[in-house]
Amino acid sequence: MSKFNSQISTLFIVVALVCAFVPVFSVEEAEANLLWNTCLVKITPKCALDIVAAVFENGNMPDPCCNDLVKEGKVCHDTLIKYIADKPMLIAHETEYLKKSDDLWKHCVSISKSA
């Protein structure tokens with residue numbers, strides 16, 4: 001039960017981070033629902049945090065999370081990272097973040113192929 005509560009808490013943290021970076025007014029409601037229903041449900045909350053840290057904070061991406069990222073799909077990954085990188089406080093470094101996102105994707109594809 002403790003593990004379940006921890007996962008729920010982590011999920012709320014991820015949702016809060018996404019909401020902080022992706023204001024409701026910047027995303028069409030239907031598009032936001034589509035992203036939530038098709039993308040974010042495919043990754044664990046911890047891996048979602050690791051992905052954000054790897055792209056935006058120079059964090060390290062654990063190899064096991066690469067499988068979640070690849071399962072999420074490139075379109076979902078690119079779309080979510082682009083939404084975050086487009087925020088006014090981050091846009092000055094958007095090119096850098098998008099390159100890091102692509103590098104992360106390539107790394108994760110190579111990891112998931114070797115597994």
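Let's start at one residue and work outwards: setting aside neighbours within four places in sequence, Ala85 touches Phe56, Leu90, Ile91, Glu94 and Tyr97. Keep in mind as you look around that this is a predicted model. Ala85 belongs to helix 5, which covers residues 74-85. Is Ala85 buried or exposed? Its relative accessibility is 0%, so Ala85 counts as buried. Follow the chain on from there by 10 residues and you get to Thr95, whose C-alpha atom is separated from that of Ala85 by 8.6 Å.

Now zoom out to the whole chain. It has 6 helices and 0 strands, so if you read along the sequence the pattern is simply α-α-α-α-α-α. The chain has 115 residues, and 37% of them count as buried. Take the contacts between residues at least 6 apart in sequence: 73% of these join residues that are at least 24 apart. As for the outside, the chain exposes about 7100 Å², with carbon and sulfur atoms supplying 63% of that area.

With that overview in place, let's look at how some of the helices meet. Helix 4 is made of residues 63-72 and helix 6 of residues 94-114, and their axes come within 8 Å of each other. At what angle do the two axes cross? The crossing is at roughly 105°, and helix 4 and helix 6 are therefore roughly perpendicular to each other. On the helix 4 side, the contact is made by Asp63, Cys66, Asn67, Leu69 and Val70. Helix 6 brings Leu104, Trp105, His107, Cys108, Val109, Ile111 and Ser112 to the contact. Sort these residues by class and you find 8 nonpolar, 3 polar and 1 charged.

Helix 6 also meets helix 3. Here, too, the axes come within 8 Å, this time crossing at roughly 125°. That angle makes helix 3 oblique to helix 6. Ile51, Ala54, Val55 and Phe56 take part from helix 3, while Tyr97, Lys100, Ser101 and Leu104 take part from helix 6. By class, this contact of helix 3 with helix 6 has 6 nonpolar, 1 polar and 1 charged residues. You may recognise a couple of these names: Phe56 and Tyr97 are among the residues in contact with Ala85. Leu104 is worth a second look as well, since it is listed in the contact of helix 6 with helix 4 and in the contact of helix 6 with helix 3.

Next come the cysteines. A disulfide is a covalent bond between the sulfur atoms of two cysteines. How many disulfides turn up in a search of the whole structure? The search finds 2.

One of them joins Cys66 to Cys108, with the sulfur atoms 2.3 Å apart. The torsion about the S-S bond of Cys66 and Cys108 is about -55°, so this disulfide is left-handed. The link ties together distant parts of the chain, as Cys66 is in helix 4 and Cys108 is in helix 6, 42 residues apart. Both of these cysteines also appear in the contact of helix 4 with helix 6. Cys66 has a relative accessibility of 0% and so counts as buried. Cys108 is buried too, with a relative accessible area of 0%.

The other disulfide joins Cys47 to Cys65, with an S to S distance of 2.1 Å. The angle about its S-S bond is -75°, and the link is left-handed. Cys47 is in helix 3 (residues 45-56) and Cys65 is in helix 4, so this pair also connects distant parts of the chain, 18 residues apart. Cys47 and Cys65 are both buried.

Stay with helix 3 for a moment, because Asp50 is placed there as well. Asp50 has a relative accessibility of 13%, and it therefore counts as buried. Which residues does Asp50 contact, leaving aside its neighbours within four places in sequence? They are Met61, Pro62 and Cys65, and Cys65 is the disulfide partner of Cys47.

Our last stop is the loop between helix 3 and helix 4, where you can find Asn58. Most residues other than glycine have a negative phi. Asn58 goes the other way, with a positive phi near 60°. Asn58 is exposed, with a relative accessible area of 61%.

Note on methods:
Residues numbered from 1 in each chain as written. Predicted model: local features only at pLDDT ≥ 70, side-chain atom pairs only at ≥ 80, totals over all residues. Heavy atoms only, no water. Axes fitted to C-alpha atoms, helices over the stretch in contact; angles between N-to-C directions. Helix = DSSP H or I, 4+ residues; strand = E, 2+ residues; numbered from the N terminus. Parallel < 35°, antiparallel > 145°, perpendicular 65-115°, else oblique. Contact = heavy atoms within 4.5 Å. Nonpolar A, V, L, I, M, F, W, Y, C, P; charged D, E, K, R; others polar. Disulfide = S-S within 2.5 Å. Buried < 20%, exposed > 50% of the residue type's maximum accessible area, 1.4 Å probe, protein only. Areas by Shrake-Rupley, 256 points an atom, 1.4 Å probe, with all protein chains shown as cover.
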